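Colleague: I've got this one open on my screen and I'd like a close look at a single part, the nonpolar core and the strands around it. Could you walk me through it?

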Amino acid sequence: LSSVETMLPSHRFVRVHRSYLVSLHKVSSFTADSLVIDQHSIPVGKLYRLSTMQALNPPDRIQAKKS
């Protein structure tokens with residue numbers, strides 16, 4: 001999975017678990033522990049939690065909501 005991850009654009013895909021790599025555009029909802037894509041719940045691993053939350057909540061998006 002690591003080799004596939006290097007071939008994909010990092011602004012569109014994120015590794016959320018050692019067994020899951022997901023398209024950010026397909027995520028319909030998320031928590032710190034899991035995310036939902038097409039009614040499928042996908043776990044977010046502890047090692048990937050911070051990077052997943054940063055990818056799903058980029059700082060520029062948060063600032064745009066505050067304005």
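Modeller: Let's start with V14. Leaving out residues up to four places away in sequence, V14 touches Y20, L21, V22, L24, S51, T52 and A55. Bear in mind that this is a predicted model. V14 also belongs to the largest nonpolar core, which has eleven residues in all. Its other members include V16, V22, L24, M53 and L56. Three elements give two or more residues to this core: β1 (13-17), β4 and α2 (49-56).

Now for the sheet. It is an open one with three strands, in the order β3-β4-β5, and the pairing is antiparallel. β3 (29-30) and β5 are the edge strands; each has a single partner strand, so one side of each is left without a neighbour in the sheet. Two bridges join β3 to β4, and F30 has L35 as its bridge partner in β4. L35 is a core residue too.

On the other side, β4 (residues 34-37) and β5 (residues 40-43) pair over four bridges. I37 has H40 as its bridge partner in β5, and I37, like I42, is listed in the core. β4 and β5 make a hairpin with two residues between them, and D38 in that turn has a positive phi of about 50°.

For a contrast with the core, look at helix α1 (residues 2-7), which holds M7. M7 counts as exposed because its relative accessibility is 64%, where the cut-off is over 50%. Together with L1 and V4, M7 forms a nonpolar patch on the surface, with about 290 Å² of accessible area together.

Conventions:
Residues numbered from 1 in each chain as written. Predicted model: local features only at pLDDT ≥ 70, side-chain atom pairs only at ≥ 80, totals over all residues. Heavy atoms only, no water. Patch = residues over 30% accessible without salt bridge, like charges linked within 9 Å, V, L, I, M, F, W, Y side chains within 5 Å. Areas by Shrake-Rupley, 256 points an atom, 1.4 Å probe, with all protein chains shown as cover. Salt bridge = Lys/Arg side-chain N within 4 Å of Asp/Glu carboxyl O. Buried < 20%, exposed > 50% of the residue type's maximum accessible area, 1.4 Å probe, protein only. Pairing = 2+ DSSP bridges. Core = buried A, V, L, I, M, F, W, Y, C linked by side-chain atoms within 4.5 Å. Contact = heavy atoms within 4.5 Å.
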